[in-house]
Amino acid sequence: MQRTVLVVDDDRLLCNLLTELLTEAGYTVQCADDGEAAWAELQRSSPDVVLSDIKMPRLGGIDLASRLVSGGYTTPIILMSAGHHDWAGISASFIREPFDFDHLLATIAAVLDAPRPRRISATA
């Protein structure tokens, strides 16, 4: 079964590079250029993991992660950042940029293999 990665980054070149590399690694890849576009994509499809930059226009990765949790989604999110941030209280995995692609693949595999709860229904 081919797994789907939603790449969220306002850097089109990086998104294209990650799409190429992740496709070669056997993943199906979707791209969004910011958190709002990613949120809209999440309403239409169910990627297996979200790989998101932290700093983007409109809605950044941390706010996207918070929106996923508050919306009851259990889709794992991996946040990418070149800067230093306070990660306290954020339900996500992190990878520092620039990253080694093998390390990124290992992180994605580990996140996908980790047990996760079922989606929480807003009506439950």
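A charge is taken to sit over a ring if NZ of Lys or CZ of Arg is within 6 Å of the ring centre and within 35 degrees of the ring normal. In the predicted model described here, R67 meets this criterion with respect to W39, lying over the face of the ring at 5.3 Å from its centre.

The overall architecture provides the setting for this arrangement. The protein chain contains four helices and five strands, which follow one another along the sequence in the pattern β-α-β-α-β-α-β-β-α. Of the 124 residues in the chain, 42% are buried. Among contacts with a separation of 6 or more, 63% are accounted for by residues 24 or more positions apart.

W39 also takes part in an aromatic pair, and the count of such pairs comes to one. The ring centres of W39 and Y73 are 5.4 Å apart and the ring planes stand at 70 degrees; because planes over 60 degrees apart count as edge-to-face, the pair is assigned to that class. The pair links distant parts of the chain, with W39 in helix 2 (residues 35–44) and Y73 in the loop between helix 3 (61–70) and strand 4 (77–81), 34 residues apart. Y73 has a relative accessible area of 14% and is therefore buried, the limit being under 20%.

In helix 2, the buried residues are G35, A38, W39, E41 and L42. Viewed down the helix axis, these residues fall within an arc of 160 degrees, so they line one face of helix 2. In general, an α-helix has 3.6 residues a turn, so residues three or four places apart point the same way. The elements covering the buried residues of helix 2 include strand 1, strand 2 (28–32), strand 3 and helix 3. At the start of helix 2, a side-chain oxygen of D34 comes to within 3.0 Å of the backbone nitrogen of E36.

The largest nonpolar core comprises 18 residues, of which V7, L18, L22, L51 and I108 touch the most other members. Two or more residues are given to this core by each of strand 1 (4–8), helix 1 (12–24), strand 3 (49–53), strand 4 and helix 4 (101–113). Helix 4 gives the most, with five residues. When residues up to four places away in sequence are not counted, V7 touches C15, L18, L22, V29, Q30, C31, A32 and L51. A second, separate core of 16 residues includes A38, I54, A65 and L68; A38 is also among the buried residues of helix 2.

Two further positions concern a loop and the segment after helix 4. R58, in the loop between strand 3 and helix 3, has a positive phi of about 65 degrees although it is not a glycine. Most residues other than glycine have a negative phi. The relative accessible area of R58 is 63%, so this residue is exposed, the threshold being over 50%. A114 lies in the segment that follows helix 4. With a relative accessibility of 36%, A114 counts as partly exposed, because this value falls between the limits of 20% and 50%. The C-alpha atoms of A114 and P76 are separated by 9.3 Å, although the two residues are 38 residues apart along the chain.

Conventions
Residues numbered from 1 in each chain as written. Predicted model: local features only at pLDDT ≥ 70, side-chain atom pairs only at ≥ 80, totals over all residues. Heavy atoms only, no water. Phe/Tyr/Trp six-rings, centres within 6.5 Å; stacked < 30°, edge-to-face > 60°. Buried < 20%, exposed > 50% of the residue type's maximum accessible area, 1.4 Å probe, protein only. Core = buried A, V, L, I, M, F, W, Y, C linked by side-chain atoms within 4.5 Å. Contact = heavy atoms within 4.5 Å. Arc of directions from axis to C-beta. Polar contact = N/O pair within 3.5 Å; in protein donor to acceptor, adjacent residues only side chain to side chain.
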